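Grab a pencil and work through these short exercises. Try each task yourself before you read its solution.

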Amino acid sequence: MSDSVFASIVQAPEDPILGVTVAYNKDQSPVKLNLGVGAYRTEEGKPLVLNVVRKAEQMLVNDESRVKEYLPITGVADFNKLSAKLIFGADSPAIQENRVTTVQCLSGTGSLRVGGEFLAKHYHEKTIYIPLPTWGNHPKVFTLAGLSVKTYRYYDPKTRGLDFSGLLEDLQNAPSGAIVLLHACAHNPTGVDPTSDQWEQIRQLMRSKALLPFFDSAYQGFASGSLDADATPVRMFVADGGECLAAQSYAKNMGLYGERVGALSIVCKGADVASRVESQLKLVIRPMYSNPPIHGASIVAAILKDGDMYTEWTVELKAMADRIISMRHQLFEALQAKGTPGDWSHIIKQIGMFTFTGLNSDQVAFMTKEFHIYMTSDGRISMAGLSSRTIPHLANAIHAAVTKAA
Amino acid sequence: MAHLIRAGSSCRLASSGAARSMSTAWWRHVEPAAKDPILGVTEAFLADPSPAKVNVGVGAYRDDNGKPVVLECVREAERRIAGNSNMEYLPMGGSVNMVQETLKLAYGEDSDLIKDKRIAAVQALSGTGACRLFADFQKRFSPDSQIYIPVPTWSNHHNIWRDAHVPQRTFHYYHPESKGLDFAGLMDDVKNAPNGSFFLLHACAHNPTGVDPTEEQWKEISNQFKVKGHFALFDMAYQGFASGDPERDAKSIRIFLEDGHLIGCAQSYAKNMGLYGQRVGCLSVVCEDDKQAVAVKSQLQQLARPMYSNPPVHGALIVSTILSDPDLKKLWLKEVKGMADRIIGMRTALKQNLEKLGSPLSWEHITKQIGMFCYSGMTPEQVDRLTNEFHIYMTRNGRISMAGVTTGNVGYLANAIHEVTKSG
């Protein structure tokens, strides 16, 4: 019998983000804290299924007429329309003019991958610029999609804020037509977002160079608590009549993580173009997984199309966002109270699920070893994993790391 | 720039100077894509207002009333799941429970390979996703290899390996004259392929032809694969659906395993559990030892992460709920057999109807072929006539989805087929 054709394969390293949870699960300590993956936790540290989601789930189960046939390649039609309205606004001229094509995809990751593969096949510029830093999976998604990946400056470690002049300079130097990945709100991992004025400047610069915007919107509603406010940058770009791509995820804002629900929208110049683009998107999807999973999208559609359920959702969403904001304030105050050296105001300035603490990988390793606190080695902590009960433990750990393991 | 604005669109350009230099032509060159040959059939069927219309296109099971079916065991599983589980991310490799149960189906309840942890396996997005993951894996770790694909095959197989950038070759499979297996042609191609080639094999109920090798033929194929050191990837989308007995339908795989082959296997629950839209499946790769299996699994995960991060939880929960409960599993096996039996019954009925109509042609192949599909032997032109004159929808390769045939429409279908084929 011949050897395995794969005999020389070496084991791949753990995913830097998902590997954190793997390590956390192995830890036996009663005080262990998982601040790795961005999944929301309640004050009690439990995962949360929204009430409105449970409602929708029960409706689906009780509806005997529901079947589980293949969805069309593009997914649930209602879901697609409603998702476009959610991100672009119900009154968006682009939607009214039928210039938007939306396809259901597997959460944010799947939407980015399908969009990336479409661009690699049909767009004249095969380079995508991603911010430095960005979500760890972005470079792999776009590389495997067939694009070449470059970076633009984004985070300034000195200010723990936006390196705006660096950003503008790098985009100015990008070749005309290049694709630019923009985090719509609540930048992951830094939590640093441009201001409205800064967004406007970015928009003008990008349009003057015909740079193609590709929005990653994974936290709509989660950043400020307002779905519309969090969509402002995207809508700003659409309002100028230009084209763009937008990847949406319902993993966090509807708590549908494992159901893998998302959507890719491409805003085009005209309805005819949008229709042809959609037909080509289908050719990307079919050889990848044929058609998307039905369950999660059905839940989302049920909620978005019912006025009461939609309202209920916005209330639950705001409560999650508010709890996170409260955690930020509590952590900041705890560090102030301890007199931890350094300026920790970025904890309350940054927005969304994550705080880019500024801790280095040695300090992170120290915190894991001595305090059983799990986070990615870039110092990113998921605020959603904190509670009033565990904040003191984290504050102690940060204090110790900064004063001992500087 | 006004001339660049397509007629019919009424977008407003911002009035700033920057906007005037905005490109308007980014997607102008994008051609409308051809409709998918299989899924396009259902689209056309749905658009047809005729009350007599019949859909024997896509392979989705229908009951004798022509209605889609949700299995009882699935309904029960869903009742148990709703309200009781959170929706957290699965690991990148999917539900461990679901994968373990799924491996038992393919490799056997008491498989040593499973006991010895020699199988690298991950949850995949149904059969398509499993094939695509394997194709990407093959590209990355056997970059000089090609894939040998049977003629004909499910049309999407070609798309999958093309998008994975793995070069394709074909091997003889279907014998049009006998409407059976071109065994001699197949064996020649196996012998003539360079040693260590990768072959895609349909484990049972070949799609689209319904033509499967016999057990003896499988043994010979397996033996020749040994001689040549070929790699076998089994696409098993119809386990249980072919004969009604999942163990029997896995026979080809078991023959290869007995011969010591280190195979790959793509499994789907779309048809045999009726979970189509849930996208539940599994990709497994048999390795030399447990360490290698860990390594291979980790690499499969590295390919899934930039595609969709982790697979959907709902369908996996349904599968593991059913397969880990002995009563639900029994119910499932009964329901699968029920579906397979109905299809076998329809094959008999269609053949008998055609014979009664006095068709000059032989329709033996209808009952010889197995699984969801019947490769009728009709030409594209005959299929077009069926659609245009009789509102009968099928793929233009003459493939009939027997799952769409009912006691209510088998007579109409036989009539129509007779009409378009009676002149030979």
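Here are three exercises on this predicted model.

**Exercise 1.** Find what UniProt places at residues 32–398 of chain A, and describe that span.

*Solution.* Start with the record: the unreviewed UniProt entry puts the feature "domain: Aminotransferase class I/classII large" there. Next, check the secondary structure: the span is 47% helix and 15% strand. Finally, look at the two ends, whose C-alpha atoms lie 14 Å apart.

**Exercise 2.** Work out the strand order of the open sheet in chain A, and name the edge strands.

*Solution.* Go across the seven strands one by one and you get β2-β10-β9-β8-β7-β3-β4, with mixed pairing. The edges are β2 (100–105) and β4 (148–153) of chain A, since each pairs on one side only. From one strand to the next, the twist averages 25°. Now zoom in on β2(A): six bridges join it to β10 (residues 262–267) of chain A, and the two run antiparallel. For example, C105(A) has G262(A) as its bridge partner. Last, add helix α3 (residues 77–88) of chain A, which packs on the sheet and touches β2, β8 (212–217), β9 (244–249) and β10 of chain A. The direction of α3 makes about 115° with that of β2(A).

**Exercise 3.** Is N188(A) buried or exposed?

*Solution.* First locate N188(A): it's in the loop between β7 (179–183) and α8 (196–208) of chain A. Then take its relative accessible area, 7%. Buried means under 20%, so N188(A) counts as buried. To see its surroundings, skip residues up to four places away in sequence: N188(A) touches T134(A), W135(A), H183(A), Y219(A), F354(A) and R380(A).

Terms used
Residues are numbered from 1 along each chain as its sequence is written. Chains are lettered from A and ligands numbered from 1 in the order in which they are written. This is a predicted model: local features need pLDDT of at least 70, side-chain atom pairs count only at pLDDT 80 or more; totals for chains, interfaces and linings use all residues. Side-chain values use heavy atoms; hydrogens and water are left out. UniProt positions are given in the numbering used here, feature names are shortened, and annotations may be inferred rather than shown by experiment. Helices (H or I, at least four residues) and strands (E, at least two) are DSSP runs, numbered from the N terminus. Buried means under 20% relative accessible area, exposed over 50%, partly exposed in between (1.4 Å probe, protein chains only). Contact means heavy atoms within 4.5 Å. Two strands pair if DSSP finds at least two bridges between them. Axes are lines fitted to C-alpha atoms, for helices over the stretch in contact, and angles run from 0 to 180 degrees between N-to-C directions.
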